[in-house]
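Hi,

Here is the structure I said I would send over. Have a look at it first, and my notes follow underneath.

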Amino acid sequence: MGNANTSPGRREGPLLIAGRIALFVVALVVGLSFFVPFMWQVLMSISEVADVDLLTKTVTPPEANWENYPRVFNHEQIEFGRYFFNSFFVAGWVTIIQVITCSMAAYAFSRLQWPGRDKVFLGYLGTLMVPGVVLMVPTYAIVRYMGMFNDYTGLIIPVSFTAYGTFLLRQFMLTIPTSLDEAASIDGAGHWRIYSQIILPLARPGIIVMAIFAFLFNYNAFFWPLIIVKDENLRTLPIGLLAFNTSYGQETPLIMAASLMAMIPPVIIFLVLQKYLVKGIQLGAVKG
Amino acid sequence: MAEVKLDHVRKVYDGTVVAVEDFHLTIKDGEFVVLVGPSGCGKSTTLRMVAGLEEISDGTISIGDRVVNDVLPKDRDIAMVFQNYALYPHMTVYKNMAFGLMLRKLPRDQIHTRVEQTAAMLGIEHLLKRRPKALSGGQRQRVALGRAIVREPKVFLFDEPLSNLDAKLRVTTRTEIKNLHQRLKTTTIYVTHDQEEAMTLGDRIVVMSEGKVQQVDTPLNIYRRPANRFVAAFLGSPPMNFIQGKLEESEGGLHFMDGQYIDLTLPGEMASRVASHKGKAVTLGFRPTAMSETAEGKFAGPGNSLTLQTSVVEPLGERIDVSCTSSTGGHLVARIEARDDFPVGDRVTFHLDMSHVHLFADGEFGPNLVHPSA
Amino acid sequence: MKSRRALLIALAFLLPNLIGFLVFTFGPILYSLWISLTDWALTRQNDFNEEPVNFIGVENYQRLLVGDESVLFWDYFWNTVFLMLGIPIGIAGSLVLAMMLSTRTTPRRLSRRISLSTLILVVTILASFGTWVVTNPGPRPTDSAEVLSSEEGLGTLTEWQVDRMRSNGTVLLVATLGGMAFMGIAAGSVFFRTVYYLPSLLAGVAMYLLWKALFRPRGGLINAMLGPPLEWLQSAVESTPPWLWYALGITIAGIAALLCLSMVLTGVRKLASGESGITAFVGRLGVVVTLLATGAGLGYTTVQLPAQALLPNGVSNLTADDIASVVLEMGGEAGVSGELLASLAGQIQPDVTPEDAIAQLAPAVTLDTESRLREVVYSRTSATKIGYTAGEGLSPPEWLISSRWAKTAIVIMGVWLGIGGSNMLLYLAGLSNIPPELYEAAAIDGASGWSRFINVTWPQLAPTTFFIVIMSTIGGLQGGFEQAMVMTEGKADTITLTYYLYNVAFEDEFQLGLASAIAWIMFAMIFVMTALNFRVGSQMVND
Ligand SMILES: Nc1ncnc2c1ncn2[C@@H]1O[C@H](COP(=O)(O)OP(=O)(O)OP(=O)(O)O)[C@@H](O)[C@H]1O
Ligand SMILES: [Mg+2]
């Protein structure tokens, strides 16, 4: 239990070593229970439809059948590649807009003195407590008024200006010493330059965390795209997957291949940027 | 190169906190002025107003012939060294130094030569490719200096640049800053709370307290003729000894008496200067070095002895510091010739050099009665 | 003016975000409140016709809470609450995992780690190879035409093929286990942390589709793994008299109850005497509740075992005619033509079990209709047991199909997804922030194990727990939509409040007014719960 660290000099008794081995085994078993479903997904995805149910008896299919992967993309009606593109396109733009606008706003909140600053910030903070479902209906109505319904803009714009990202980056920027901006302003930098050449580079870890979360969140987003998109060509991956499942629910291998591919980008992002992500969450700054 | 003029400058934070009050001073071209004072007395605020980092509530500041009240820091042609150095962590040392020059759109090769020269001057050529994180405290300090110097500004501003260094490095860097100034002859305003640093560095020292300037003068003048009791107490180590008492006339002369055992006769010239305070409460001040065990030379003479209860002896080498308690309970220190067999714990009689004794009017900021300021 | 200038500069930086914020966050909140007080429905008053939106005051709220929508609303509310039952289990699990990961399990010295992991790698390779050698059926026999009996569903494969598949599977499992052990030694807890965290990162439609496949009653991994233990239990129940199980069940529940009683009494005594603070008491209460629930559940299940296992399975009192009538009824609902219905109903043979009847219909109806059919048939089946496989007694649940198990399935998946997620990372951070001196002091005071946890770890983690609980309840109350949409399409009684809102606002009638009222009621609930959390939590944190 707990951080039962033994002092480095002391020799460890056999009891302790046995305990550690037991703990390692438990960790391993737990890890296995997290891993096996994914393994199963792969195994299902390379089976024939007729053979999927066999896996519980034999673990592996008779032959590895990789056909399902190209099949996912080569379909007459469902353009899976298009969904992929849409998800990347939407999540990418949202991330870019969020990084730019939130970091600028955070600069105004953390570095500039102006009348009314704290009141406006309080307004931002207050909205953080409002659950997302409250926003769905009115935003939907607003988007329809603005003619962004069933359009990329409707997918991107309404989710690109989060108070949350602003709050996160402001907190991060507050940790950067003000003497750096002062030094820069004495060196001859104006506000834009201080923002772009001093604060932005220094806030990079915070921005990366925010960007990862913005991207992943919007890559996985379901509710909003579901209600805002009617055109099949605009479907993002989650919506596309759902449609795919509705048409091909019987074909488990095909569905598994599709969903497995949808999972790959987040895994890659996580593995590459793990360090930042874990830090970001552990700062307690990111929504649990 | 420029003269800096602060004309009745005042700074009020949030409409209530008066940080600086009626700061009036002209700093000559090439002069090295040190602002010194206890924490919170408004030194940094004054410096930051010169830099343009704080708005000026009242009065004007000019650099050269230009009033800079509404000039942005970047256009004031100044350079500043911060207490925490404020080096840009994401830039190499070279870029840190070149940043200001690049913003001023200097040609590349010119920037290069200037950075290289400055680095050579400070002995940090080998660090140019490193990031601040990979430098020691002293090296960072040098880079911060270099970043200021390379700009060749009209005015240098330093805000406690040495306070993050260890004692030894502080002394050597201090000397170096002085050398640099003698070489570059740039007008400099230097903030510190360390009176020793102020004494050694400044052409002139500005002693501040509670937002007000207490005295402006050369180090030695301030030391010898502190304008008031605050300045006297602030400068000098160990600090000046003070005894509360009264001026009374008896036996044809003016005497300082604490009402118990102390009775000192004031020398004639001093007596005539303070005659108007006869019968009033005053504070007697004298430096620990103005005390002696023997009544020889300048310590000779009648009516200059003082018997104190000694408690602790701190040997310093040539001399020793003796902590004493006066009859009224005041704490005093005497710095006298070293000797091994000093009778610690006994009552000892000391002799004062009466020509170096000060008298202050009552109160923390009581003016110096012996050397009234102009 | 200086401050005017400052304001202009600030606005230049702020405006891009501020406009978006006002239009898409701040504005909508106020707008939503107004919408909730109107009868706005897009089918009546949309952008194309001019019919005005009527202000109807709190009527929407009234309809939801006590009026004509209240049955649905509260039903869905309780569904939501049911799904939230997974939250405490998940949080406790996150804490356990975090404590496990923060304990050093691998050697400290790098050289030892390298040699140990190399050893494991070699062992894994050897073991995999050995497994392959032992289980591998050899080259395909020339006379491989012999087809297996179709009993196991392996009808089209030859014995050799099956042997080879099993061999490959065993090798794969051995290699996976060894590979994970290798990584675990080489990379230490970072590896496990990554493995535990990945599911929560991937939570979304793709993940729910995977779990939908895992939950398949036949051929799904979960039921396949439940099969053997249930079989064992079945034979155990069969070979013992039922009263033994009744006694056992009552004993289990009784012991749990007694234990809980004594724990509560001790807790109250300690609290009253000031021996321990409210934190420890709340922690204790949590343990008590969990224990009580587990004990009661276990006891009830045990008592039920004979009834479940010994009744002949699959016997329904529904006749073929009954099923046919259900088909007609449902088909009518789904808008299938009467002709087709009649022919469907006619396909049902007499003397079949409901499952067989449904299986007969399956090719002719959509999956959707099939599962709804199954649901209705089961709800009308008076046999006490669930399950479908004829004559096998205790059988694994029909996870996502039966109303009885679907929510549980979603909870299980939720726990699996969230247990290693950001909560675990937060707890890890919290644990690493506990000063080691506290443990040392506790050790010197003679505390160990449980008392160290209660007196040091748990109170020190109180702020983290507080944060996690608040975030989880807020998320939980809004949750369940995606899961139900993907895994059950809202069937099997899995609709939550958010799903309800979706149905009301964005399906059929597009009743934006009513939907906004749902949202605001949810907001109010979240607000109350958060306030409650704050009350209890701030006491705990300040303890
Ligand atoms: N931003 C501010 N808002 C309000 N009051 C301030 C602000 N900055 C400084 N002050 C106050 O102004 C007074 C002078 O501060 P200043 O920083 O100039 O002191 P200082 O002499 O530099 O002290 P130190 O040696 O500790 O740096 C202090 O009483 C301080 O509390
Ligand atoms: Mg200061």
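Let me start with a backbone detail in chain C: Asp508(C), just after helix H22(C), takes a positive phi of about 45 degrees. (Helices and strands here are DSSP runs numbered from the N terminus: H or I over at least four residues for a helix, E over at least two for a strand.)

Before I go on, some housekeeping. This is a predicted model, so local features need pLDDT of at least 70 and side-chain atom pairs pLDDT 80 or more, while totals for chains, interfaces and linings use all residues. Residues are numbered from 1 along each chain as its sequence is written, chains are lettered from A and ligands numbered from 1 in the order in which they are written, and side-chain values use heavy atoms, with hydrogens and water left out.

Chain C

Back to H22(C), which runs over residues 497-506: nine of its 10 residues are buried, so the helix is largely enclosed by the rest of the structure. By buried I mean under 20% relative accessible area, with exposed being over 50% and partly exposed in between (1.4 Å probe, protein chains only). Among the buried ones in H22(C) are Leu497(C), Tyr499(C), Tyr500(C), Tyr502(C) and Phe506(C).

As for the chain in general, its secondary structure is 23 helices and zero strands. Of its 543 residues, 47% are buried. Of the contacts (heavy atoms within 4.5 Å) with a separation of 6 or more, 69% join residues 24 or more positions apart. The accessible surface (Shrake-Rupley, 1.4 Å probe, for residues only the protein chains shown counting as cover) is about 26,000 Å², and carbon and sulfur atoms make up 67% of that.

Leu65(C) is worth a click too. It sits in helix H2 (residues 59-65) of chain C, and at 33% relative accessibility it counts as partly exposed. Its C-alpha atom is 9.5 Å from that of Ile518(C), although the two are 453 residues apart along the chain. Beyond its neighbours within four places in sequence, Leu65(C) touches Ser70(C), Phe73(C), Trp74(C) and Ile521(C).

Ligand 1

Which residues surround ligand 1? With a cut-off of 4 Å between a residue's heavy atoms and the molecule, they are Tyr13(B), Asp14(B), Ala19(B), Ser39(B), Gly40(B), Cys41(B), Gly42(B), Lys43(B), Ser44(B), Thr45(B) and Glu160(B). Helix H1 (residues 43-51) of chain B supplies the largest share of that shell, with three residues. Sorted by class, the shell has three nonpolar, five polar and three charged residues. (Nonpolar covers Ala, Val, Leu, Ile, Met, Phe, Trp, Tyr, Cys and Pro, charged covers Asp, Glu, Lys and Arg, and the others, Gly among them, are polar.)

For polar contacts to the ligand I took pairs of N or O atoms within 3.5 Å; within protein, one must be able to donate a hydrogen and the other to accept it, and residues adjacent in sequence count only if both atoms are side-chain atoms. Two involve the backbone: an oxygen atom of ligand 1 is 3.2 Å from a polar backbone atom of Cys41(B), and a backbone N or O atom of Gly42(B) is 3.0 Å from a ligand oxygen. From the side chains, Glu160(B) brings an N or O atom to 3.1 Å from an oxygen of ligand 1. On its own the ligand has 640 Å² of accessible area, and the protein covers 62% of it.

Odd backbone spots in chain B

- Asp22(B) has a positive phi of about 45 degrees although it is not a glycine; it lies in strand E2 (residues 17-27) and is partly exposed at 42%.
- Ala86(B) has phi near 50 degrees, again positive without being a glycine. Its place is the loop between strand E6 (78-81) and helix H2 (93-103), and it is buried at 3%.
- The peptide bond from Ser237(B) to Pro238(B) is cis, with omega near -5 degrees. Pro238(B) belongs to the loop between helix H8 (229-234) and strand E11 (241-250).

Cysteines, and a note on chain A

There are zero disulfides over all chains (cysteine sulfur atoms within 2.5 Å would count). Cys324(B) is buried at 0% relative accessibility, and Cys260(C) is buried at 4%.

In chain A, Asn218(A) is part of helix H11 (residues 204-220). Asn218(A) counts as buried because its relative accessible area is 9%. Apart from neighbours within four places in sequence, its contacts are Ala91(A), Val94(A), Gln98(A) and Val159(A).

Cheers
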